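User: I would like to work through this protein step by step, asking one thing at a time. Please explain your reasoning as you go.

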Amino acid sequence: MSKPLPIIEIFGPTLQGEGPLIGYRTMFVRFGGCNYRCSWCDTLYAVLPEEVKANATWMTPEQIAKTIQAYREFVPWVTFSGGNPCIHNLTDLITHLHWGLVAYLHRDARGPIKGTEMVLATG
Ligand code: SF4
């Protein structure tokens with residue numbers, strides 16, 4: 001079985017609120033854990049180790065994919081957010097989703113690249 005990942009929340013369908021896909025319908029998967037400590041962070045509950053420990057549900061890639069796939073017919077995108085999703089090995093999850101991958105990095109206007117988000121599109 002694939003290694004579980006710390007999931008803070010899975011929600012949607014909702015509208016993407018930022019980036020090149022702003023306004024598009026998407027599901028969100030918020031991963032716990034981040035290797036940065038940005039002063040402007042508004043998701044510390046998904047960043048600080050003690051908060052992640054308290055808030056995360058450890059889900060296998062299969063479980064995450066099953067939750068998201070239920071909405072596939074209605075939602076063309078899946079956004080991986082956090083925390084920083086890129087600190088996790090997402091290979092198994094992406095494989096299970098069978099969705100094409102469109103990835104981009106968010107660059108915060110207040111500083112260098114720190115925040116990261118990944119978006120998956122229906123293949
Ligand atoms: S990279 Fe994002 S989630 Fe991590 S500390 Fe910075 S703003 Fe918060």
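Analyst: A term is needed before we start: helices and strands here are DSSP runs, a helix having at least four residues and a strand at least two, and they are numbered from the N terminus. Please also keep in mind that this is a predicted model.

User: In what order do the elements of the protein chain run from the N terminus on?

Analyst: The protein chain holds three helices and six strands. Read from the N terminus on, with β for a strand and α for a helix, the order is β-β-α-β-α-β-α-β-β.

User: Which strands pair with β2, and in the parallel or the antiparallel sense?

Analyst: On one hand, β2 is joined to β1, residues 5-15, by six bridges in the antiparallel sense, and in this pairing I10 stands opposite V29. On the other hand, five bridges join β2 to β4, residues 77-81, with the two strands running parallel, and here M27 stands opposite V78. The partners of β2 are therefore, by the rule that a pair needs at least two bridges, β1 (antiparallel) and β4 (parallel).

User: How many of the seven residues of β2 are buried?

Analyst: A residue counts as buried if 20 or more other C-beta atoms lie within 10 Å of its own. Across the protein chain, buried residues make up 28% of the 123 residues. β2 is mostly covered, and the number of its seven residues that are buried is five.

User: Which elements each supply at least two residues of the largest nonpolar core?

Analyst: In soluble globular proteins, nonpolar side chains tend to be buried together. In this model the largest nonpolar core has 19 residues, and V29, F31 and I64 are among those with the most contacts inside it. The elements that each supply at least two residues of this core are β1, β2, α2, β4 and α3.

User: Where is V47 placed, and why does V47 count as buried?

Analyst: V47 belongs to the loop between β2, residues 25-31, and α1, residues 49-55. Beyond its neighbours within four places in sequence, V47 is in contact with C34, C41 and G83. V47 counts as buried because the number of C-beta neighbours inside 10 Å is 21.

User: What distance separates the C-alpha atoms of V47 and G33?

Analyst: Along the chain, V47 and G33 are 14 residues apart. In space, the separation of their C-alpha atoms is 4.7 Å.

Terms used
Residues numbered from 1 in each chain as written. Predicted model: local features only at pLDDT ≥ 70, side-chain atom pairs only at ≥ 80, totals over all residues. Buried ≥ 20, exposed ≤ 12 C-beta atoms within 10 Å, placed from the backbone. Contact = placed C-beta atoms within 7 Å. Core = buried A, V, L, I, M, F, W, Y, C linked by C-beta atoms within 7 Å.
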